[in-house]
Structures are given as structure tokens and as C-alpha cells.
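Thanks for making time. I have one structure to go through today, and I will keep to what can be computed from the coordinates.

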Amino acid sequence: MKHLIIIVTLLFSGLVSAQSNYEKGMQKAFELWGSNPIEAANLFERIANAENDNWLPAYYAAQVNITSSFGEKDEQKLSAQLKKAQDLINDATAISQDNAEILVLQALLHTAWVAYDGATYGMTLSPKVVELYTKAKALAPDNPRVVYCNAEWNMGSARFFGQDVTPYCKDLEKAVELFANFKPETPFHPNWGKDRTIMILESCGK
Amino acid sequence: MKNQLLIIFVLTSSWIGAQTVISGTVTNTKNELIIGANVYLEGTYDGGTTDENGQFSFKTDETGSQILLVSFLSYETFTMAGDVTFMTDLKIKLREDVNTLDAVVLSAGTFQAGDNSKVNVLKPLDVVTTASALGDFVGALQTLPGTTTVAEDGRLFVRGGDANETQIFIDGIRVFTPYSPTTNNAPTRGRYSPFLFDGITFSTGGYSAEFGQALSSVLLLNTIDEPDQEKTDIGIMSVGATLGNTQKWEKSSVSVNASYINLAPYNSIFTNRNDWIEPFETASGEAVFRKKTNTGLIKLYGAFDATNFELIQEDINNEDGLYFKLNNNNLYFNGSYQGVLNDNWSVMGGFSYTHAKNKFNVGDLAIKDTENSVHTKLKFKNRVSNRFKLYFGAEYFATDFQENFNDLTITDAKYGYNNNIAAVFAEADIFISKSLAFKTGVRGEYSELFKAFNLAPRFSLAYKTSEKSQISLAYGNFYQNPSSNVLKFNQDLKSQNTSHYIFNYQYNQDRKIFRAEAYYKKYDNLVKFSDEFPDFNSTFSNDGTGYAMGIDFFWRDSKSIKNVDYWVSYSLLDTKREYNNFPEKAQPNFANPHNLSVVGKYWINNWRSQVGFSYAYASGRTYTNPYEEGFLNSKTKSFNSLSVNWSYLLSPQKILYASINNVLGFKNVNGYQYANSPNMNGNFDRRALRPATDQFFFVGFFWTISEDKKSNQLDNL
């Protein structure tokens, strides 16, 4: 029985190694993301370093840093994390210009500052965020993340000015539709945001 | 069975390949463990993350010589090259990155406003939401410590220095005529709208060797690198109108801004101490063009304004008042380039041209003057390492000033001067650690006019005393040629000189900031002249001296009370000088010992409004009382003013703004003018120098039209 297990394991690992290093690495990093985001970010960064012409690992390394900075209260830590994320976004942009996915991520990075201290950063960063979404929309009007992130941003601003958020529910509905039809280019291309869109839509206008 | 397993294990591992284990521990220079550092071989997927003991261990198939990298947030990336077989039990120490938020800052003497600096005292928004400032950045800076309140003037008076001792630079290039001219009882304004700038550095002493020809202070303004979006701004105000527009393209952008101010309607409603013949009227336009190149940024900035007014002012020696007429045209152009040459070298070059023309009539006098000035500068930066940066450069200032004088007896007298100065400077920033940094430099200047060379050393040091606090020291030598009112009559002089000694303490915690700065400033070679006003018959010398010392306090808290932001500045000043026509050392009338300023802002979410106030107190100013012995022997009563403002967001893009300066109507006196000769009873009559108006009311409506429907002009008010 033990032999059998070993043989199966060997066979399986032989099968796995048929995958490229890149695929293995990316898969591993995605698995780590849930349990150990630091490790995941580090792995994405290593892959980015090895794959000089692929924007995806740098994109994800930046995304891990940005996502984990939401809710961070320590300004020093936040600033270090977002500076790192900005460097990674710059790397990704250098490889892939005029990429709507990267523009959305850049907008999220600014949003992290606004979320941290709206009074200080809202006035200066808001126009930059809006400009990024405008550009992203022009490049990829049917990208669900562009539509949903823009809608969520608009809802946040509307709440700040005490205005009605219901006009943006329609955008979210559209985003859900777009998500249903969205096919990422490769299994590792960005494909996130559907669950959150549905979650926000459910509470929309309520 | 055990043997079998062993065999299989050996077989398996050999089948997988010969792997090397790379392991070690990562700490910082204080031997504290670093958790979560990324350790990997460059260009491979092989790597690991340090655990809670700072340890890492990973296997690699790579052989031979490889590069090991260790990176972690806020630390410099560690690099090690070597054979992988030797990479076991490594003890790696990461050095702190000195470019992080919590690193020490060379801040003695400097106040910054902007997004990029680590020690923001003011936010860009403050320039314009400060109640007393009326949208003038100079007005907002007057709420900072180190400045004295000279209400009727409006320029910056820093630490016992007169207004000429502060120089203003746009994108590192000198502005020769920064203020609009005005009558002598109404404050002037900066010529440049806050709209086009996003970084302001105000140094009240001890500044970098890059800046010269300023005895007391420099104000550095940076134009926006890249506007956020295309938009149109419309402003309709009780005193005029403004219009702005920004256009963006792929690599370049243009912003234009025009404004027209006319005080005629205002003067017809509110009483004014001046008797206006032609109302105060000014038209101005500004434009900025920016273009990104592959490795740099080109900026062109141009501003033009024309100001006219004509009036009769009260005068104690002249029953009918004193006639005054002014016609001013001012053109300023500034071009700069900033670029990266390679990984370590960058360059900045710039050029400015000023053409200023004044025509004024005072009583029977008619004076016309023309100033043409040029400034060019070239500066290199060499980033030798993260911890050692070298700056050096050269610059050239040229001024050609010509005046034409007419009165009842003299016709068409012409005179003037050329004041050209060449300068070189070099400076180094040295970070010993995250807690200790130096800046040291030297500046050499050659004045063609005086055929003299000056060498001015500068030094500053900053040391972090705790997580939130630091102390700084600064020393510097500063030279400035005399101003045009002297040079136009006499050029056989020397450069005036000051030395600054500054000690600064700063505490900075989560949107709360406290600063205390003590200083001593010594003046030498100040210009003296023999008459009340200098002219060709006056005798001039460089025998003037003086000193200023004091302590400045600043406290700002944007955190403790929700939606409330306030700051308090207090300056204590002791100064005396002998210069101009002073017969003896005296406290000049623009320097008062106590200055207090309190600014508060409250955002009311339900009303979509921001209300603010600004209070200024200044102790009495000196004047000469002929009934008493001595010069500048008496003091006026103290100055008080409370200003309030209210901005209301009608919609995110429409703002209604109102402000009242001196809402409580304090009757402030700036000084006294005594009659030249006694009256019939043998007494000298006197007249209190009062502002043109005690109060000022302002109402404006500002509308922004932009793609995002959200930006507004709140930051321009």
C-alpha cells in the first residue's frame, strides 16, 4: 500500500513538473494568498523578478500590498506598503502600457490613501482617481473591474457629499452582467471582483 | 521495511535533482529580528520568507555563483553574490532605508506645504481656506511663526528683517518683482495665483546653498507637474472675476488663468480713507505649459499683469492731501527643465526674465522706472548612494534698472545701474542613519557691480531624539546686494551680510505637530544714508549693523477634535538695527516683539460647509515721537484682527464663499505721521496711520466644470 502511495505521488509530481515553473509559481502564490499574504506577495515579487516581460506577477504583488493596506492605521506602515505597491505598479506599467487592469489598480492605490485620511488626501487624489477611471473606461469599456471599481468609488464620493447612491446601482448591475461574460486571457489574468460586486449590489440603495 | 523506505527516499531525492539548501537569519542593524523579509536568488523562483525567528531556509536547483537578494519594507535591499554552497547559516543585517516617512528630516528653519514633504506644516488647501488670507499664499504664510504683522504692507517680514530680505522663487528660479504695487495704507498681494502651484516651502532661515541674495528668508513655489484633468474654473467675486482653463494631451498640458479686479463698486458702497480718482484696477493673466519628455519635464510659465489707480491720500503736511497715481506693467517668464541623466545623475536648468515698468506721480513728482532682470541656473544632482547625495550648480543674475525723474525744477533726469551677480554652489546631504543627517554646503558669489567675491558656508544637522521628535541645528552666512532705492543713486558699496544660528525642536505625531525654534541673526554691512530718503546728494556707507533673536512656537492639531483643524503660532522677537537713515540702533517699525496667530477651521458635514476664523495679535510698533528724546522712541497700541470665512458647497462643483476681515472692527493704528513744523501753538500735529478700510467684505461664487463633476475650487479660495 505504501509503495502504491509513493508511486502515485511520484507519478503525480512528474505530471506537475510538466507544468512550467511560471505556472507552478503563480499557482502556489494564489494558494498562499488566503493564508499568508506576505509570503504570497514575496513569491509574486520573486516571479516578477524572474519574468521580466510579464506584467502579471508585479500586478499581483502590488495588489496584495494594496488590499492589505486598507484598514491600516499606522501611517508609516501604510506609506511603506503603498510605496512598495507603487514601485510594483510602475514595473508592471513599464511592461504593459495603457492597460486598464493596471489603471484600476493605480486608482485603488490612491483610494487607499483617501480611505486612510479623506480630509488630507481626498481633495488632491480624487481628481487623479477619476482621471484614471476615465482613461480605463476608454481603453476597456467592457472590463467588469473598471465598471465596478468606478461605481464603488462614485458611491463613496456621493456618500461623502450626502448625495443619493442609487444611480450607481445600475452600473453595478452592468458589472455583474459583464462578469458573467468575462473570459480572462489566461488562467492567471485578473478575474477578481465578482463576489464583491454582488455583495455591494445586494445592499444597493438600501 | 525501513530499508525499503530509505532506498525509495534516496532514489526520489536523486531523481528530483541535487538541491542546495540556502538558510540564514535576517535582522536589522540593532539585531532585532525581521519577520516577512523576502529572500531569493535573483532571476529565479527560488526563495523564502523569514519566519517569526527571522529565519529563512529554501532549496534551490541552481548551482555555482548566484546573487542573493533580501528585501523588506522600509529597509535597503541587501545583495550578496557568491557560490550557493556557501549560502548557509547566513547572518544578514538590513540597513534602514533613510527615505522613509519616519526618518529624520533636515528641517531647521523650514516650513513646507505640499503632498510630498514629510513635515507638512500647511496643506496646499490651507493657503486658500485661511480666513485672513483672501486667497493670497503670502497671507496664509503670515499665520506662521517667524513673521511679523505689518498689516498695511502685506509682504513677508521675517525675523526682524524687512520685506526686501525675503526672496521668492518659482520652480527654483528667482522672481524679481513678486508683489503687485499698492497704496501705502492697503496691503499688497502676491502676483501669482495659488491655483497653479502645488508645493510651497517657506524657510525662515538657514536655507540651502542653492539660494542666495536673500538675507532673511526664501519662499519656494513649485508649479504643478501634471494637472489631474481638463477643467474650466469660473469665479465671480464682489471685487472682480476670474477664469481658468486646463487642457491635457498625451504628454503635455496647458493651464491658463485670467483675472480682473476693480474696486470701484466696492469703494462706492463702503467708506474708504482714500479719496479715489481712478479706482484700483488690475488685470492679470498667467499660463503654464508642461511637456513630458522621455527622461524629463519641461515647464514654461508666463505671467502678465497691469495695475492702475489714482487717488488723493491724507497727509499731515498737506491740507489738500497728497496726490498719487500709479501705472504698473509687469511681465514674468520662467522656463525650466528637470531631467534624469542616468541612474545616479539628474539635472535641472532654468531661466527667467522679468520686465517691470512703473510710472508714478507723487504730488509734483513724476517718476518712471524700468527694470529688466534675468536669472539663469544650472544644477546637477548626483545620488552617490541612498545615504549620500551631492548637489552643485551655477547661476547668473542680471538686473538693468533705469529711472527717469521729473519735478518742477528738474526735467528728464536719467540714472540707473546694472547689478550682475555670478554664483556657484555645492552641497551634500549625508545620512549617517535614519536618526542622524547632515547637510553641508558652500556658496560663492561674485558681484560685477562691486567687483567683490563672497564665500558663504551653510551647515545643518538633524538628530532624531525619539520616535516622534527630533532636534536640528543650522548655521549659515547670507549675502544680498542693496535694493534699487539705494543702488540707483550709489553703487560704491558692499554686499550686506547676515549670519543665522538656529536651534529647532520638532514633535510630530499623527496629524499633530509642535515646533519650537530659537535663533540668533547678526547683520553686518547694512547700508546707511544721510537723508530721510536717499538721493544723489546723500552720503552712503556700509556701516550699518544689527541683530535679531527670538523664539518661534507652532502647534497644529488636526486630529483631537472631529472635523476641527487649528493651529497656533507665537513669535517672540528682540531686534535692533542701525541702517538706512537711523541715527542710532533702534527697533525698526516693522518689527514688533510679540506676534500671535490662531487659525481654526470646522467642517460641518450636514451643512456641506467649512467655517473658519483667523485671529492675529501683534504688540505695538515703534514710531518717532518728537516730544520725546531719541529715534523710534514710542510704540503704538497693539494690533488685533479677527477674520471669519464661510464656504458652502451648493453642489460638489459650485461653491459660495464669504469672508469678513476684522469682523469686530478693531481700530488699528500702524503708526503716526507728525507734521514737519509745529503749528501756531508750537505743537506738532500728528495723524494716525490707519488702514484704508478697517474691515473688508468679500463674497464670491466659484464654479468648476470638469469631466468628473466633483472637483471644485475649494482649494483655490
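I will take chain B as a whole, then one residue in it, and then some helices of chain A.

Please keep in mind that this is a predicted model.

Chain B first. The secondary structure of chain B comes to 5 helices and 39 strands. Along the principal axes, the C-alpha atoms of chain B fill a box of roughly 130 × 60 × 45 Å. Of the 717 residues in chain B, 38% are buried. On contacts, take those in chain B with a separation of 6 or more: 60% of them are between residues 24 or more positions apart.

The domain assignment splits chain B into domain 1, residues 18–94, and domain 2, residues 110–716. How far apart are the C-alpha centres of domain 1 and domain 2 of chain B? The distance is 53 Å.

Now a single residue, Phe401(B). Phe401(B) sits in strand E22 of chain B, which covers residues 388–406. Is Phe401(B) buried or exposed? Neither in full: there are 18 other C-beta atoms within 10 Å, and Phe401(B) is therefore classed as partly exposed, since buried would take 20 or more. Beyond its neighbours within four places in sequence, Phe401(B) has contacts with Asp369(B), Glu371(B), Gly416(B), Tyr417(B), Ser484(B) and Lys488(B). As for Thr545(B), it is 144 residues away from Phe401(B) in sequence, and the C-alpha to C-alpha distance is 27 Å.

Next, chain A, starting with helix H6, residues 100–116. Does the length of H6(A) agree or disagree with the usual rise of 1.5 Å a residue? The 17 residues should span 24 Å, and the end C-alpha atoms are 24 Å apart, so the two agree. Of those 17 residues, 15 are buried, which means that H6(A) is largely enclosed by the rest of the structure.

The last item is a helix pair. In general, two packed helices are described by the angle between their axes and the distance between the axes. Helix H9 of chain A, residues 169–181, packs against helix H10 of chain A, residues 194–202, at an angle of about 145°, and the axes are 10 Å apart. The crossing of H9(A) and H10(A) is left-handed. On the H9(A) side the contact is made by Cys169(A), Leu172(A), Glu173(A), Ala175(A), Val176(A) and Phe179(A). H10(A) contributes Lys194(A), Thr197(A), Ile198(A), Ile200(A) and Leu201(A). Sorted by class, the residues in this contact are 8 nonpolar, 1 polar and 2 charged.

That is what I had.

Terms used
Residues numbered from 1 in each chain as written. Chains lettered and ligands numbered in written order. Predicted model: local features only at pLDDT ≥ 70, side-chain atom pairs only at ≥ 80, totals over all residues. Helix = DSSP H or I, 4+ residues; strand = E, 2+ residues; numbered from the N terminus. Buried ≥ 20, exposed ≤ 12 C-beta atoms within 10 Å, placed from the backbone. Contact = placed C-beta atoms within 7 Å. Axes fitted to C-alpha atoms, helices over the stretch in contact; angles between N-to-C directions. Left-handed = near helix turned anticlockwise from the far one by under 90°. Nonpolar A, V, L, I, M, F, W, Y, C, P; charged D, E, K, R; others polar. Expected span 1.5 Å × (residues − 1). Domains from an automatic or database assignment.
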